[in-house]
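Here is a brief report on one chain. Start with the view below, then read on for the contacts, the sheet and the core.

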Amino acid sequence: MRKITTIIATVLMVSAGYAQNTFELDWEQGVNGASASFTVEIGDTVRWTWANGAPHSVTSQPGSAQVFDSGVITGMGTEYEVTFVTDGENTYLCEVHPGSMFGTITVEPELSVQDKFERNVKFYPNPVDDELTIASLYRLDAYEIYTITGKKVGQGAGEGTYTHLNTSYLESGVYFVKVTSEGLTATLRLIKR
Ligand SMILES: [Cu+2]
């Protein structure tokens with residue numbers, strides 16, 4: 001009976017337009033702040049993947065809306081995931097590298113797909129010098145770079161959660177970077193130093 005109830009609940013959620021996602025994050029030293037902080041919806045899952053051979057943990061901090069702890073694990077490719085079931089802020093860090101691996105997962109009761117996409121596209125550094133990183137919870141299909149007068153000066157394919165762009169050829173100034181993922185679009189303002 002419980003299984004049937006679960007299936008019915010799932011069908012209802014799908015038909016009501018909810019779209020639960022699993023989001024993937026590379027987890028290693030230097031992943032902190034904006035690159036480790038995202039806004040998700042209740043029911044979404046975040047999966048951290050150990051991106052180097054150092055020991056790491058994913059550990060929620062006191063005051064976090066949800067308690068989770070992977071424990072310290074060593075092994076490139078190790079995966080740890082959390083499905084968020086309550087709204088609120090979840091601050092977390094790696095207990096081995098608390099100064100360079102930390103972030104916040106913000107969980108909202110409900111988010112439209114467009115909101116979820118837009119709020120989880122980040123790019124850094126900004127202002128940028130020679131290389132720009134775009135972090136996106138939705139895997140990017142493509143990006144385009146425009147001047148403020150609308151002239152396209154760059155484009156390329158997305159590389160997944162993290163897309164790296166060469167920006168060394170751009171002249172100093174303001175640009176707009178348009179990113180797309182399965183029909184969703186967001187535009188970001190970029191300053192080239
Ligand atoms: Cu670590």
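## Where the domains meet

In this predicted model, 10 residues of domain 1 are in contact with 10 residues of domain 2. On the domain 1 side, strand 1 (22-27) and strand 2 (38-41) each supply at least two of the touching residues. Strand 1 gives the largest share, four residues. By type, this side of domain 1 divides into five nonpolar, two polar and three charged residues.

Domain 1 covers 2-111, and domain 2 covers 115-192. Taken over C-alpha atoms, their centres are 24 Å apart.

## The chain as a whole

The chain holds two helices and 14 strands. Its C-alpha trace spans about 60 × 40 × 30 Å along the principal axes. Of its 193 residues, 26% count as buried.

Contacts across the sequence carry weight in the count. Take the contacts with a separation of 6 or more: 57% of them are between residues 24 or more positions apart.

## A sheet that includes strand 1

Strand 1 supplies residues to the side of domain 1 that touches domain 2, and it also belongs to a three-stranded open sheet. The strand order is 1-3-5, with mixed pairing. Strand 1 and strand 5 (79-83) are the edge strands, and each pairs on one side only. Neighbouring strands in this sheet are turned by 20 degrees against each other on average, direction ignored.

Strand 1 and strand 3 (residues 45-50) run parallel. Six bridges join them. D26 stands opposite T49 of strand 3.

## The largest nonpolar core

In soluble globular proteins, nonpolar side chains tend to be buried together. The largest nonpolar core of this chain has 37 residues. Which of them touch the most other members? They are V40, V46, I105, I134 and V177. Why does this core lie between domain 1 and domain 2? Both domains give residues to it, so it lies between them.

V177 offers a closer look. Setting aside neighbours within four places in sequence, V177 is in contact with F123, Y143, I145, L188 and L190.

## Summary

Two domains share a contact of 10 residues with 10 residues. Strand 1 provides four residues of the domain 1 side and is an edge strand of the open sheet. The largest nonpolar core draws on both domains, and V177 is among the residues that touch the most other members.

Terms used
Residues numbered from 1 in each chain as written. Predicted model: local features only at pLDDT ≥ 70, side-chain atom pairs only at ≥ 80, totals over all residues. Domains from an automatic or database assignment. Contact = placed C-beta atoms within 7 Å. Nonpolar A, V, L, I, M, F, W, Y, C, P; charged D, E, K, R; others polar. Pairing = 2+ DSSP bridges. Axes fitted to C-alpha atoms, helices over the stretch in contact; angles between N-to-C directions. Buried ≥ 20, exposed ≤ 12 C-beta atoms within 10 Å, placed from the backbone. Core = buried A, V, L, I, M, F, W, Y, C linked by C-beta atoms within 7 Å.
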